[in-house]
Amino acid sequence: MDRRGFLAALGAGAAVALNGAASGGVAQGASRRRVAGFVAGGSPNWAALKARLGGRLLLPEDQGYAVARLGYNELYDSQLPAAVARCTSAEDVQSCLDVARGHGVPIAARSGGHSYLGYSVPNGGLVMDLRPMARVQVQDDGTVQVGAGARLIEVYAALADAGRLMPAGSCPTVGVGGLALGGGVGVLARKYGLTCDRLVSAEVVTADSRVVTASACSEPDLYWALRGGGGGNFGMVTRFTFSTEPAPELTVFSLRFPAGSTAAVVGAWQEWVADAPPELWSNCVVSGGTPPTCRVGGCHVGSETGLNPLLDRLVSASATQPSSRTVQAKTYLDAMKYMAGCANDTIAQCHPTSEGGVLPRAAFVAVSRVLPAPLDAQRMVQLMDGRTGIDLLLDSMGGAVARFAPDATAFPHRSALATAQIYASTTPAGKAAATAEVDAVRDGLAALGATGAYVNYIDASLPDWGTAYYGGNLPRLKAVARHYDPDQVFAFPRSVARA
């Protein structure tokens with residue numbers, strides 16, 4: 001069934017909605033067609049969508065639904081979407097919107113399924129699973145076209161085959177869509193910028209089922225918002241085009257420090273990364289306990305010869321010899337696999353078990369802050385004292401990240417020293433206690449001056465969350481959301497529209 005026939009099956013109201021969408025850009029003011037309520041109540045017509053998608057639409061009674069509905073975080077396994085649509089094209093996304101829009105059901109696109117709050121698995125809603133749209137194609141001009149369902153390991157492998165790279169995150173099963181739309185902090189950020197800084201254009205399906213291209217020259221406000229405004233807020237991105245760079249020699253490193261030295265190392269690390277050359281990216285992981293312990297790792301664009309003096313500088317500043325020190329030269333792909341924790345696995349193995357890989361799902365709670373400058377290290381470490389099972393992960397910013405003004409893209413934390421993620425593995429029974437622990441560390445960091453937060457580590461109880469995520473960019477983001485989704489078709493509890 002083609003799209004015209006599909007809309008005819010939905011009824012005359014659907015045809016009116018299509019005609020309104022086809023009339024051009026979203027108009028301003030009272031003349032704008034409001035399409036969200038084009039069907040009068042009732043449940044979505046899943047049968048009509050089934051006729052369009054066939055076996056790619058999974059309802060609760062269908063074989064494969066039980067696995068297809070699951071996201072990455074096991075804490076949200078009790079959430080039961082009404083339907084999961086495996087979308088292979090922008091046209092599939094249009095069809096899904098035409099059925100679900102106006103019925104009050106939550107609508108979510110799922111790229112990798114790593115939403116920290118399970119928003120990509122809406123209870124009673126429609127999941128548009130973009131995973132089948134995972135093609136990665138490097139172009140002759142050095143750009144790369146990436147389907148919105150591609151996982152990072154697939155992007156890295158395709159780029160490495162072409163001798164190219166782009167900055168992105170470390171987890172191999174994360175989807176490129178959610179990462180890029182929230183900013184994209186990663187292990188090459190200080191040299192090459194955030195993932196969103198590499199976005200050249202995006203194919204987007206808007207709330208009224210139009211397909212538009214967002215770029216510097218087309219839909220510029222939408223293009224601005226997609227670079228750090230968070231996934232699912234303004235439309236469903238189905239394809240990205242990113243700029244890339246030639247892949248150079250990389251060196252990875254890991255230093256573990258003895259118990260009792262954590263405050264000295266954290267204090268030295270903050271000053272060290274603030275003054276480091278952009279070729280150096282590093283994290284500092286503080287593990288709670290009595291006493292807290294820490295390790296420092298990272299990736300250097302260059303050789304071991306260039307890296308070792310930088311590491312010596314950190315050791316000297318902390319006045320602490322590490323208990324272990326590992327430095328290894330790597331190719332781009334091998335470095336990304338190392339940072340992903342699957343250095344000894346094949347590309348196929350660096351996938352979830354549901355896709356034939358060896359990487360398991362996880363059950364966790366996590367929240368964030370953004371460090372604007374070095375904080376009191378002693379007080380930071382005190383926040384982790386006795387909190388066994390809690391990790392504080394500091395990821396360095398600066399370098400190329402700071403080359404943009406805070407309002408040049410939607411991502412506002414351009415002058416930050418580091419992002420902070422507070423993470424705890426847990427179980428459904430232990431979720432409340434773990435949440436209280438990570439929230440206490442989060443609020444303690446805020447008291448020390450870290451009041452911002454990173455939207456990709458989305459948080460259910462973050463105070464003043466709209467300002468924490470977006471700073472002074474929030475009013476413009478809300479205006480973009482009103483323009484492209486006036487009826488809040490895509491709204492969710494922590495969406496821009498509800499900030």
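Buried here means under 20% relative accessible area. Keep that cut-off at hand for the first exercise; the structure above is a predicted model.

**Exercise 1. Find the buried residues of helix H16 (residues 474-484), then find what covers them.**

*Solution.* Start by walking along H16 and picking out each residue under the cut-off. You should arrive at Leu 474, Leu 477, Val 480, Ala 481, His 483 and Tyr 484. A helix rule helps in reading such a list: an α-helix has 3.6 residues a turn, so residues three or four places apart point the same way. Next, look at the surroundings: the cover over the buried residues of H16 includes helix H9 (220-226) and helix H15 (465-470).

**Exercise 2. Work out the strand order of the open sheet of 7 strands, and say which strands stand at its edges.**

*Solution.* Begin at one side and step across: S15, S12, S14, S13, S17, S18, S16, with antiparallel pairing. Strands S15 (324-330) and S16 (364-371) each have a single partner strand, so they are the edges, and one side of each lacks a neighbour in the sheet. From one strand to the next, the twist averages 15°.

Now zoom in on one pair. Strand S12 (residues 250-256) and S15 run antiparallel and are joined by 7 bridges. Within this pair, Phe 253 lies opposite Val 327 of S15.

Finally, add the helices. H11 (residues 304-318) packs on the sheet and touches S12, S13, S14 and S15, with its direction at about 155° to that of S15. H14 (residues 431-447) also packs on the sheet, touching S16, S17 and S18, and its direction makes about 5° with that of S16.

**Exercise 3. Describe how helix H13 (residues 377-384) packs with H14.**

*Solution.* First, take the axes: they come within 9 Å and cross at roughly 165°. Angles over 145 degrees count as roughly antiparallel, so H13 is roughly antiparallel to H14. The crossing is right-handed. Then list the contact: Met 380, Leu 383 and Met 384 come from H13, and Val 441, Gly 444 and Leu 445 from H14. Sorted by class, the contact of H13 with H14 has 5 nonpolar residues, 1 polar and no charged.

**Exercise 4. Do the same for helix H6 (residues 152-161) and helix H12 (residues 332-340).**

*Solution.* The axes of H6 and H12 cross at roughly 165° and come within 9 Å, so this pair is roughly antiparallel. H6 passes H12 in a left-handed crossing. On the H6 side you will find Ile 153, Tyr 156, Ala 157, Leu 159 and Ala 160, which meet Tyr 332, Leu 333, Met 336 and Lys 337 of H12. The class count for the contact of H6 with H12 is 8 nonpolar, no polar and 1 charged.

Definitions and conventions
Residues are numbered from 1 along each chain as its sequence is written. This is a predicted model: local features need pLDDT of at least 70, side-chain atom pairs count only at pLDDT 80 or more; totals for chains, interfaces and linings use all residues. Side-chain values use heavy atoms; hydrogens and water are left out. Axes are lines fitted to C-alpha atoms, for helices over the stretch in contact, and angles run from 0 to 180 degrees between N-to-C directions. Helices (H or I, at least four residues) and strands (E, at least two) are DSSP runs, numbered from the N terminus. Angles under 35 degrees count as roughly parallel, over 145 as roughly antiparallel, 65 to 115 as roughly perpendicular and the rest as oblique. A crossing is left-handed if the near helix is turned anticlockwise from the far one by less than a right angle, and right-handed if clockwise. Contact means heavy atoms within 4.5 Å. Ala, Val, Leu, Ile, Met, Phe, Trp, Tyr, Cys and Pro count as nonpolar, Asp, Glu, Lys and Arg as charged, and the others, Gly among them, as polar. Two strands pair if DSSP finds at least two bridges between them. Buried means under 20% relative accessible area, exposed over 50%, partly exposed in between (1.4 Å probe, protein chains only).
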